[in-house]
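Here's a short set of exercises to work through with the model open in your viewer. Try each task before you read its solution.

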Amino acid sequence: MNTHGGTLAFRHPGMGAALDSVVEAVVQLRGEAGARQVEGAELGLVHGQGSWLANNGFLVLGSAR
C-alpha cells in the first residue's frame with residue numbers, strides 16, 4: 001500500500017527519490033501519519049529501482065512498539 005501515493009502519484013520513477021518512501025514508512029511506523037495512518041502498522045517494505053530498471057533495492061523496517 002502506498003500511503004503517500006506511490007511512484008505514479010507522488011514522484012517520478014527513476015528520479016532517485018526512493019528516500020521519500022523510506023521517510024513515509026518511518027512516519028507510519030512512528031504513528032505520526034495523521035489521516036494517512038495505517039492502524040497498527042508494525043512493518044514497512046520500501047522498494048526502489050534505478051539505472052533503467054536494472055537495479056532494485058528493498059528495505060524492511062519494523063516498529064519497536
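One definition to start with: a residue is buried under 20% relative accessible area, exposed over 50%, and partly exposed in between. Keep in mind, too, that what you're looking at is a predicted model.

**Exercise 1. Layout and confidence**

Task: work out how many helices and strands the chain has, and find which element has the lowest mean pLDDT and which the highest.

Solution:
- Step 1. Count the elements: there are 2 helices and 2 strands.
- Step 2. Put them in sequence order, and you get α-α-β-β.
- Step 3. Check the confidence of the whole chain: the mean pLDDT is 80, with 69% of the residues at 70 or more.
- Step 4. Now go element by element. Helix α1 (residues 6-10) sits at the bottom with a mean of 62, while α2 comes out on top with 89.
- Step 5. A word of caution follows: where pLDDT is low, the predicted coordinates shouldn't be read in detail.

**Exercise 2. The nonpolar core**

Task: list the residues of the largest nonpolar core, then say which element gives the largest share of this core.

Solution:
- Step 1. The core has 6 residues: Val-22, Ala-25, Leu-29, Ala-41, Val-46 and Leu-61.
- Step 2. Helix α2 (residues 19-30) brings the largest share of this core, namely 3 residues.
- Step 3. Zoom in on Ala-25, which is placed in helix α2. Its relative accessible area is 10%, so Ala-25 is buried.
- Step 4. Look for partners of Ala-25 beyond its neighbours within four places in sequence: the contacts are Val-46 and Leu-61.
- Step 5. Take the Leu-61 pair further. Ala-25 and Leu-61 are 36 residues apart along the chain, yet their C-alpha atoms are separated by 7.6 Å.
- Step 6. Step back to the chain as a whole: 26% of its 65 residues are buried. Of the contacts with a separation of 6 or more, 31% join residues 24 or more positions apart.

**Exercise 3. The salt bridge**

Task: find which side chains meet in a salt bridge, and decide whether Arg-36 is buried, partly exposed or exposed.

Solution:
- Step 1. Recall the principle: side chains of opposite charge can pair when their charged atoms come close.
- Step 2. With a cut-off of 4 Å between nitrogen and oxygen, the count is 1 salt bridge.
- Step 3. The pair is Arg-36 and Glu-24, at 2.9 Å from N to O. The two lie 12 residues apart and link distant parts of the chain, with Arg-36 in the loop between α2 and β1 (43-50) and Glu-24 in helix α2.
- Step 4. Compare each accessibility with the cut-offs. Arg-36 has a relative accessible area of 38%, so Arg-36 is partly exposed. Glu-24 has 9%, so Glu-24 counts as buried.
- Step 5. See what else Arg-36 touches. Leaving out neighbours within four places in sequence, Arg-36 is in contact with Thr-3, His-4, Glu-24, Val-27 and Gln-28.
- Step 6. Add one C-alpha distance: Arg-36 and Asn-2 are 9.8 Å apart in space and 34 residues apart in sequence.
- Step 7. For another residue of this loop, try Gly-31, found between α2 and β1. Its relative accessible area is 40%, so Gly-31 is partly exposed. From Gly-31 to Glu-42 is 9.6 Å, C-alpha to C-alpha, across 11 residues of sequence.

**Exercise 4. The surface**

Task: identify which residues make the nonpolar surface patch, and settle whether Phe-58 is buried or exposed.

Solution:
- Step 1. Begin with the total: the chain exposes about 4,800 Å², and carbon and sulfur atoms supply 58% of it.
- Step 2. Leu-43, Leu-45, Phe-58 and Val-60 make a nonpolar patch of about 510 Å².
- Step 3. Map the patch onto the elements: β1 and β2 (55-62) each supply at least two of its residues.
- Step 4. Finish with Phe-58, which has its place in strand β2. At 59% relative accessible area, Phe-58 is exposed.

Note on methods:
Residues numbered from 1 in each chain as written. Heavy atoms only, no water. Core = buried A, V, L, I, M, F, W, Y, C linked by side-chain atoms within 4.5 Å. Buried < 20%, exposed > 50% of the residue type's maximum accessible area, 1.4 Å probe, protein only. Helix = DSSP H or I, 4+ residues; strand = E, 2+ residues; numbered from the N terminus. Contact = heavy atoms within 4.5 Å. Areas by Shrake-Rupley, 256 points an atom, 1.4 Å probe, with all protein chains shown as cover. pLDDT = per-residue confidence, 0-100. Patch = residues over 30% accessible without salt bridge, like charges linked within 9 Å, V, L, I, M, F, W, Y side chains within 5 Å.
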